[in-house]
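Biologist: Can you put the structure up so we can go through it? I have a few short questions.

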Amino acid sequence: MHLPRHSVTIAVVLAIHVLAAALLLAGHAAGAIPPALAGFAYTRGLLHALDADHLCMIDGSTRKLLGERRNPNGVGLAFSLGHSTVVLAAGAAVVLGASWVSTVLDAESSQARILGLIGAGVSALYLLAVAAANIPNLTQHHDHSEPKGPWARLLTKPLGHVRHAGHIYLFGILFGLGFDTASTISLLMITALASLSGSSPIVLMALPLCFTAAMTLGDSINANLMLHVYSHAAASTRARFNTVVTAISITCAVLIASATALDITAAVTGRAAPELDTAPIGWGLVALAVVGTAVIAVLRQNRVRHHAA
């Protein structure tokens, strides 16, 4: 399948970086944003892109669209832009002094619990659905037929409307409604701290934009690496390679969804539930992207040498 170049993704990520840099320069000149504060916001965005739910969502969505012979370019960018919409809205509210931000960041408030449950519920259901949708991709040559069984059809039916990367934007918004990750909370706290300088709200938006720039960069790199791996897996004559990488994707999605479901159960019932550390799963997906890309490079090099001989 012919895949268009990633020029749009590159242009958008670059534009966000340029805008963030321009506001940072203005903020630094006004004495409102020290370089260390800007660096902290940027690293928080990079770390947020490495969250297991980000990696798993982008990974599974890329595999799903590719398996349906649709164009998965821009999945990472669309998801991170949706997620960033929530972050930027919250950041704007902070610099404008809106009181609702402190409410939704208070874990004991009803608003925070409701938003958290919505974000977590959407995350768990989407990951289960994308795992079910990717089961046919375990075989190298499948017929793209409808999933078999009532549960499989129930889970995958909502994803029938997800036909291109742009549809992932909405899920990025829904995933971000919880405001419960350390990265997001830290960003909003330092934005509130910077707002005490009395600088222009527009200048102070440099901090959420730094976060956004880093997150879109990280998510886009992850999506492009996985697209490279899965494109090769789908076209490879080595069926085992396709099966292994797809099975890892499905397993990770189920594990992350299960961990999220446990958290939801604990929040709803008020009872302690077993906790699953998802950090190793996220790093496992990063390793899959890096190792998979390296394996493909070696295979291509060996193929070139074979033909040259």
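Biologist: Is Leu47 buried, partly exposed or exposed?

Modeller: Leu47 counts as partly exposed, because its relative accessibility is 39%. Keep in mind that this is a predicted model.

Biologist: Where is Leu47 in the chain?

Modeller: Leu47 sits in helix α2, which covers residues 35-49.

Biologist: And which nonpolar surface patch does Leu47 belong to?

Modeller: The patch is made of Leu47, Leu50 and Trp283. Together these residues have about 290 Å² of accessible area.

Biologist: What about the surface of the chain as a whole? How much is accessible?

Modeller: The accessible surface of the chain is about 15,000 Å². Carbon and sulfur atoms account for 68% of that surface.

Biologist: And how much of the chain is buried?

Modeller: Of the 309 residues in the chain, 45% are buried.

Biologist: Back to basics, then. How many helices and strands are there?

Modeller: The chain has 13 helices and zero strands.

Biologist: What share of the contacts joins residues 24 or more positions apart?

Modeller: That share is 82%, taken among contacts with a separation of 6 or more.

Biologist: Now the inside. Which residues have the most contacts within the largest nonpolar core?

Modeller: They are Cys56, Met57, Tyr126, Leu127, Ile168, Phe171 and Phe175. That core has 38 residues. The elements that give two or more residues to this core are α3 (52-67), α4 (75-95), α6 (110-134), α8 (168-175), α11 (206-235), α12 (239-269) and α13 (279-308).

Biologist: Why would nonpolar side chains be buried together?

Modeller: In soluble globular proteins, nonpolar side chains tend to be buried together. That is a general tendency.

Biologist: Take Phe175. What does Phe175 touch?

Modeller: Leaving out residues up to four places away in sequence, Phe175 touches Asp53, Met57, Phe79, His83, Gly119, Val122, Ser123 and Tyr126. There is also a second, separate core of 25 residues, and Leu187, Ala194, Leu209 and Ala213 are among them.

Biologist: Cysteines next. How many disulfides does the structure hold?

Modeller: Zero.

Biologist: Why is there no bond from Cys252 to Cys56?

Modeller: The closest cysteine sulfur to that of Cys252 is in Cys56, and because the distance is 5.6 Å, the two are too far apart for a bond. A disulfide is counted when the sulfur atoms are within 2.5 Å.

Biologist: Is Cys252 buried or exposed?

Modeller: Cys252 is buried, because its relative accessibility is 10%. Cys210 is buried as well, at 3% relative accessibility.

Biologist: Any charged pairs? How many salt bridges are there?

Modeller: The count is two. In one of them, the side chains of Lys64 and Glu68 meet at 2.9 Å, N to O. Arg70 also forms a salt bridge with Glu68, and there the closest N and O atoms are 3.2 Å apart. Through shared partners, Lys64, Glu68 and Arg70 are joined into one network.

Biologist: Within that network, is Lys64 buried or exposed?

Modeller: Lys64 is buried, because its relative accessible area is 2%. Glu68 is partly exposed at 34%, and Arg70 is partly exposed at 31%.

Biologist: What about Arg69? Where is Arg69 placed?

Modeller: Arg69 is in the loop between α3 and α4. Arg69 is exposed, because its relative accessible area is 62%. The phi of Arg69 is near 60°, which is a positive value in a residue other than glycine.

Biologist: Moving on to helix α4. Is Ser80 buried or exposed?

Modeller: Ser80 is buried, because its relative accessibility is 0%. Ser80 lies in helix α4. Not counting residues up to four places away in sequence, Ser80 touches Met215, Thr216 and Asp219.

Biologist: And Thr85? Which helix is Thr85 in?

Modeller: Thr85 is in helix α4 too. Thr85 counts as partly exposed, because its relative accessibility is 32%. With residues up to four places away in sequence set aside, Thr85 touches Tyr169 and Ile173.

Biologist: Last one. How far apart are Thr85 and Gly176, in sequence and in space?

Modeller: Thr85 and Gly176 are 91 residues apart in sequence. In space, they are 8.6 Å apart, C-alpha to C-alpha.

Conventions: Residues numbered from 1 in each chain as written. Predicted model: local features only at pLDDT ≥ 70, side-chain atom pairs only at ≥ 80, totals over all residues. Heavy atoms only, no water. Patch = residues over 30% accessible without salt bridge, like charges linked within 9 Å, V, L, I, M, F, W, Y side chains within 5 Å. Areas by Shrake-Rupley, 256 points an atom, 1.4 Å probe, with all protein chains shown as cover. Salt bridge = Lys/Arg side-chain N within 4 Å of Asp/Glu carboxyl O. Helix = DSSP H or I, 4+ residues; strand = E, 2+ residues; numbered from the N terminus. Buried < 20%, exposed > 50% of the residue type's maximum accessible area, 1.4 Å probe, protein only. Core = buried A, V, L, I, M, F, W, Y, C linked by side-chain atoms within 4.5 Å. Contact = heavy atoms within 4.5 Å.
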